[in-house]
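Grab a viewer and work through these exercises at your own pace. Each task is followed by a worked solution.

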Amino acid sequence: MSGPLLKVENLTKHYPLGSGIFKKSIPVIRAVDDVSFSVEAGETLCIVGESGCGKSTVARLLMRLVEPTGGRVLIDGTDIAGLKKDALHAWRRRMQMVFQDPYSSLNPRLAAGQIITEPVENFERLSRKQRQALAAELLRKVGMSPEMMHRLPSELSGGQRQRLGIARALALKPSLIIADEAVSALDVSVQAQILNLLLDLQQQMGIAFVFISHDLGVVEHIAHRVAVMYLGRIVELAPSEALFAKPVHPYTEALIAAAPVPDPTRVRLEAPVEGEVPSPINPPSGCAFHPRCPLAVERCRTTVPPLVPMADGRVVACHVRAPSAESPGRQDMAGSPQLAPVAGPHGSAL
Amino acid sequence: MIGGGLLALLIILALAAPLYAGDPVNMDPFKRLQPPSAEMWFGSDNLGRDVFARTIFGARISLVVGLLSAASAAVVGLLIGVIAGYSRSFDNIVMRVMDGLMSIPTFLLAIALISLTGPGIGILIVAIAIPETPAVTRLVRSVVLSVRERPYVEAALCGGARLPKVLWRHILPSTIPALMVQSATVCASAILTEAGLSFLGVGVPPEIPSWGNMISGSRLYLAIAPLTVFAPGICLAVTVLAVNLLGDGLRDLFDPRAKRRR
């Protein structure tokens, strides 16, 4: 295997609003717009962003629960969008998902053992004995007692249920697990247990994670690299330490500044960004963040900033902080975007 | 569960009819319109037939037609509803057909069908089940539409389950409670429809005793021998009530909120 385990190229998902035979142009929700990233084997990539920014849609696109409007998802170099039924069935073994809600993601009518062994039974026949042995093994792996296999989900706590969800994802021994807000529905103490479980499993089995979250505390704890999304686009993708130490995109900066820190003596930045996330039905022209951005210049209103690689291995989409090579002069009416705005209210906070 | 008990009692009485009830078809011109006696508990009708025996044997027809029509409407409705809930193209076509069926009055459709083939119990069951199917289909489809979006169904797909297995294991079981309740309603209305059709003379063949044709045959003698009309009439009402009570009972059983209230 050469190259990354998972490679996402220009992934796009537009949801049309209503179907129109009679209407010429149907408005679309740009849930995911031109998203590209890759994940190496054994690596954890976190995708963060506010609610509605397209994080979960990315997860569903990766699992092919929804069909992309454009772009490609490559697993070991194979494009999963082109897979026919049988190939898709076989491919599911490689990639599994842990769902956000530990309550609704488990069938309330099935016992724990049945739930976690079902994926394996989709591929091979198991005798009663084999099934029980497998259920016991999987339960032990996620730190539960094998006696739990006869319980119904309603007889288990939230943390236990989420462990079941993880056990189910582990059943097929996948090389990649997509976790969509996998700990958001849990208490903080249980969150820590589940996160440590995921980290242990990653070390033991070399599983790669795509971890989707809005909780920066969680992300900082587990991520190797972090992708920040805003209105369906990645605005910054950086190694975790670099991102938290020195965010480059103004949105990342605001996001990190807004995250609570357990330190009462630390002075909070006042209102890092103002306003609401614009509607993805009619997103702002140019850089989608410009209406809320303290650094916005004329160019941000007209041109979508490309993702520009920086010296420390990150990519950033910002005309001001990460000017692209061909930016000066081209399409630029308001003068060159000097770094002067960086010294604004936010520059000092860095 | 009064309804269930009452219905079970009716079924046992109907099944055991030959053991204790007399001959329901034997005519005796010398014993026409007799009052109740030790020999004929409910008296006799205008052709001298034992009204008690006829009423008990009539229960067989009502129950068979009611239960079988409800069962066929439930099975067909379940199949079509599940597929319609999952396939958009099939949904568009089939649900329009169902809308069309719903717009035709039950009696009219049943009479039309029976007049094509002539009277018979089989065709009667089909004729009653067809107009009841759309309601079942709609119900099942709506349950499937809501369940298919549940995360555990998506989780099953992610785990590599193929569609038939997802339908069978994760979607079908959720439709059963609503289906059972609806089937009870269908059964009650099928029993009434059968009685109505038999009353009009297009239901079961006239030589077979049924509550509908008993009432129709005896209605002229209501003043002289009221039991000839009231016996089948009251049985009909009690049976329909029992089935409806059973439906209510099932609903309470399956609805966790109703259970908690008690």
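**Exercise 1. Start with β4(A): find how it pairs with β5(A), then look for its other partner.**

Keep in mind that this is a predicted model.

Step 1. Strand β5 (residues 78–79) of chain A runs antiparallel to β4(A), and the pair is joined by two bridges. Across from L74(A), in β5(A), you'll find D79(A).

Step 2. Check the turn. The hairpin of β4(A) and β5(A) has two residues between its strands, and D76(A) has a positive phi there, near 50°.

Step 3. Now for the other partner. Strand β1 (residues 6–16) of chain A also pairs with β4 (residues 70–75), again in the antiparallel sense, this time over five bridges. Here L74(A) in β4(A) is the bridge partner of K7(A).

Step 4. Put it together: L74(A) is matched with K7(A) of chain A and stands opposite D79(A) in β5(A).

**Exercise 2. Trace the eight-stranded sheet of chain A and work out what packs on it.**

Step 1. Walk across the strands. The order is β6-β7-β8-β3-β9-β10-β12-β11 in chain A, the sheet is open, and its pairing is mixed.

Step 2. Which strands pair on one side only? Those are the edge strands, β6 and β11 (308–309) of chain A.

Step 3. Zoom in on one parallel pair. Strand β3 (residues 44–48) of chain A lines up with β9 (residues 225–230) of chain A over four bridges. As a register check, L45(A) sits opposite R225(A) in β9(A).

Step 4. Add the helix. α5 (residues 158–170) of chain A packs on the sheet, where it touches β6 and β7 (176–180) of chain A. Compare directions and you get about 175° between α5(A) and β6(A).

**Exercise 3. Decide which side of helix α6(A) is the buried one.**

Step 1. Get the dimensions. α6 (residues 188–205) of chain A has 18 residues and spans 25 Å from first C-alpha to last, close to the expected 26 Å.

Step 2. List buried residues: Q191(A), I194(A) and L198(A) qualify. They share a side of α6(A) because they cover an arc of only 70° around the axis. The general rule helps here: an α-helix has 3.6 residues a turn, so residues three or four places apart point the same way.

Step 3. Flip to the face turned away from that buried side. Exposed S189(A), Q203(A) and Q204(A) are found there.

Step 4. Ask what does the covering. Over the buried residues of α6(A) lie, among others, α5, β8 (208–213) and α7 (216–222) of chain A.

Step 5. Look just past the end of α6(A): G206(A) takes a positive phi of about 65°.

**Exercise 4. Describe chain B, then its contacts with chain A.**

Step 1. How many helices and strands does chain B have? The count is 11 helices and zero strands.

Step 2. Size it up. The C-alpha trace of chain B spans about 75 × 45 × 30 Å along its principal axes. Of its 262 residues, 42% are buried.

Step 3. Check contact range. Among chain B contacts between residues at least 6 apart in sequence, 69% join residues at least 24 apart.

Step 4. Turn to the interface. Here 19 residues of chain A contact 14 residues of chain B. On the chain A side, β6 (95–98) and α3 (112–121) of chain A are the elements giving two or more residues. That side breaks down into seven nonpolar, six polar and six charged residues.

Methods: Residues are numbered from 1 along each chain as its sequence is written. Chains are lettered from A and ligands numbered from 1 in the order in which they are written. This is a predicted model: local features need pLDDT of at least 70, side-chain atom pairs count only at pLDDT 80 or more; totals for chains, interfaces and linings use all residues. Two residues are in contact if their C-beta atoms, placed from the backbone, lie within 7 Å. Ala, Val, Leu, Ile, Met, Phe, Trp, Tyr, Cys and Pro count as nonpolar, Asp, Glu, Lys and Arg as charged, and the others, Gly among them, as polar. Two strands pair if DSSP finds at least two bridges between them. Axes are lines fitted to C-alpha atoms, for helices over the stretch in contact, and angles run from 0 to 180 degrees between N-to-C directions. The expected span of a helix is 1.5 Å times one less than its number of residues. A residue is buried if 20 or more other C-beta atoms lie within 10 Å of its own, exposed if 12 or fewer, and partly exposed in between; C-beta atoms are placed from the backbone. The arc is that of the directions from the helix axis to the C-beta atoms.
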